[in-house]
Amino acid sequence: MSGFQSPRGLRDIREPDASAFAWAEEHAWSAALAAGYARIQLPVAEDSALFERAIGGTSDVVTKELYRLAVRSEESTPLALRPEVTAGVVRAYLQHGMRSEPQPVRLVTVAELFRHDRPQKGRYRQFTQFDIEAIGDAGSGIDIEVIELGTAYLRSVGLRDIEVHLNSVGCPTCRPGYLVVLAKHFAAVADRLSPVDQARLEENPLRLLDSKDEVAVAHAKGAPRFVEHLCADCAEHDRAVREGLSITGVTVVDAPHLVRGLDYYTKTAWEFLLPGEQGQQGALGGGGRYDGLVELLGGPATPGVGFAIGIDRVVLALQERGLAPAPQRPPAVVVCGIEPGSVGMRIAIASELRAAGVSARADVSTRKIGKQLESAVRDTAIAVIIVEPDGSLSLRDLAAGSQAEPGARAMVVSAAAQLARTQGGQ
Ligand code: AMP
């Protein structure tokens, strides 16, 4: 064994987790593609200024958690590994002139993200998100579409009781007024707040609502609700989103103090939570409207909305409930033989079976045939084809323990495929 270990917080994903991950990711792509979202694959690194601008230079994600790459002399821009998807999607939207396409532009990606966070269960330094974004539509309808899509996805993988914790975080018209009443509320306990929260009270009192500190948490319970301080436009948007969602059958839980960790959200903000789970730590995903972000990144004023669902947390939730899919079964047919000269033929036959839709592998060794059969049995194969020294083939049905007389290649291959299909459901 070498002395190398995977870096802290960066994991190897092996079976059975690997199959559950792949399954959850495939469901994510197909749920979004079926709803008309186009695939996009973004680079894992971007200009670090993109994240600083989008997420906010004072947020934890930028100040503490950003993986900055060492600047090489031939490059002029410092790069960082992406800690979230939306900024990159908006950058691509502007760079490729997607504004001239029919709006909204609906995009989906499944992406690995990097945050230098303290690793713990459900919190890793590299993780994967299913992310969808709809850019260019200010109406409440697209919010309803996006929230329903995320809910339907989580239900489709088996998390049928998923809830949407919903709030509105207003807009530049009504937020300043709410921040004043919120600051006034927390000012009553200002001297008991932690130093970090005291700074938040000065700079951005909204962040006090997701503080983990005891005093702030206790005092947040009686905090004023943003929904009661929305401007007419935001209030109507919020009403329409709730009304629409009630018709789609999504389970909505009112979350008057929900604020998302990133500063660019406006109006609709939500989290996908299983019953009994709380706060951002327990959320499977979250999303929101970001009407100011495109402009913030140098484009024309353009609304947008999207969500990110953490695949790692979806897999954990499925495993905790015993709902994770079983790993891919080993090949149904194994093609054996003992002559070194028959290896090519064994591989060709296995490939022919796979082309016909039957999982198969060749035993490429020259071990005794008994050993090869033993390993096929251990792999729960259904049938074994043995390439005989004279080039003819024999078929062995492992369940029945029977072996047919050697026969011609085409006949034996098709009989093996038949056996795999009837007994293995292939
Ligand atoms: P955020 O981008 O912080 O709003 O997170 C959206 C979702 O991504 C969360 O609800 C989690 O499911 C997932 N997520 C965020 N951070 C991590 C992390 N460090 N490790 C694993 N999953 C994460």
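In this predicted model, Pro-104 sits in the loop that links H4 to S4. The peptide bond leading into this proline from Gln-103 is cis, and its omega is near 0°. A second cis peptide bond joins Glu-15 to Pro-16, here with omega near 5°. Pro-16 belongs to the segment that precedes helix H1 (17–34). One further backbone feature invites a look: Lys-267, although not a glycine, has a positive phi of about 50°. Lys-267 is placed in strand S8, which covers residues 266–273.

The loop that holds Pro-104 leads the reader to the sheet that contains S4. This is an open sheet of 8 strands with mixed pairing, and its strand order is S1-S4-S5-S10-S9-S8-S6-S7. Its edges are formed by strand S1 (38–39) and strand S7 (252–254), each of which pairs on one side only. Within the sheet, strand S4 (residues 105–114) runs antiparallel to S5, and the two are joined over 10 bridges. One pair of bridge partners is Leu-113 with Phe-127, the latter lying in S5. Helix H4, made of residues 86–95, lies across S4 and S5 and runs at about 45° to S5. In general, the strands of a sheet pair through backbone hydrogen bonds, in either a parallel or an antiparallel sense.

A parallel pairing can be followed in another sheet of the model. Here 5 strands form an open sheet, again of mixed pairing, in the order S12-S11-S13-S14-S15. Strand S12 (360–362) and strand S15 (402–403) are the edge strands, with pairing on one side only. S12 and strand S11 (residues 333–337) pair in the parallel sense over 3 bridges. Among the residues involved, Val-334 has Arg-361 of S12 as its bridge partner.

Two helices pack on this sheet. Helix H13 (residues 343–355) touches S11, S12, strand S13 (383–387) and strand S14 (393–397), and its direction makes about 175° with that of S12. Helix H15 (residues 409–424) touches S11, S13 and S14, and the angle between its direction and that of S14 is about 15°.

Attention then turns to the ligand. There are 13 residues around the ligand, of which Arg-115, Tyr-124, Gln-129, Arg-260 and Leu-284 come nearest. By residue class, the shell is made up of 5 nonpolar, 4 polar and 4 charged residues. Two of the nearest residues, Arg-115 and Gln-129, also offer polar side-chain atoms to the ligand. For Arg-115, such an atom lies 2.9 Å from a ligand oxygen atom. For Gln-129, a polar side-chain atom likewise lies 2.9 Å from an oxygen atom of the ligand. The backbone takes part as well: a polar backbone atom of Gly-122 is 3.5 Å from a nitrogen atom of the ligand. On its own, the ligand has 490 Å² of accessible area, and the protein covers 91% of this. Strand S5 (126–135) and strand S10 (304–310) are the elements that give two or more residues to the shell. Both strands belong to the sheet of 8 strands, where S5 and S10 follow one another in the strand order. S5 thus appears in several parts of this description: it pairs with S4, has H4 lying across it and gives residues to the shell around the ligand.

Key:
Residues are numbered from 1 along each chain as its sequence is written. This is a predicted model: local features need pLDDT of at least 70, side-chain atom pairs count only at pLDDT 80 or more; totals for chains, interfaces and linings use all residues. Side-chain values use heavy atoms; hydrogens and water are left out. A residue is near a molecule or strand if one of its heavy atoms lies within 4 Å of it. A polar contact is a pair of N or O atoms within 3.5 Å; within protein, one must be able to donate a hydrogen and the other to accept it, and residues adjacent in sequence count only if both atoms are side-chain atoms. Accessible areas come from the Shrake-Rupley method with a 1.4 Å probe; for residues, only the protein chains shown count as cover. Helices (H or I, at least four residues) and strands (E, at least two) are DSSP runs, numbered from the N terminus. Ala, Val, Leu, Ile, Met, Phe, Trp, Tyr, Cys and Pro count as nonpolar, Asp, Glu, Lys and Arg as charged, and the others, Gly among them, as polar. Two strands pair if DSSP finds at least two bridges between them. Contact means heavy atoms within 4.5 Å. Axes are lines fitted to C-alpha atoms, for helices over the stretch in contact, and angles run from 0 to 180 degrees between N-to-C directions.
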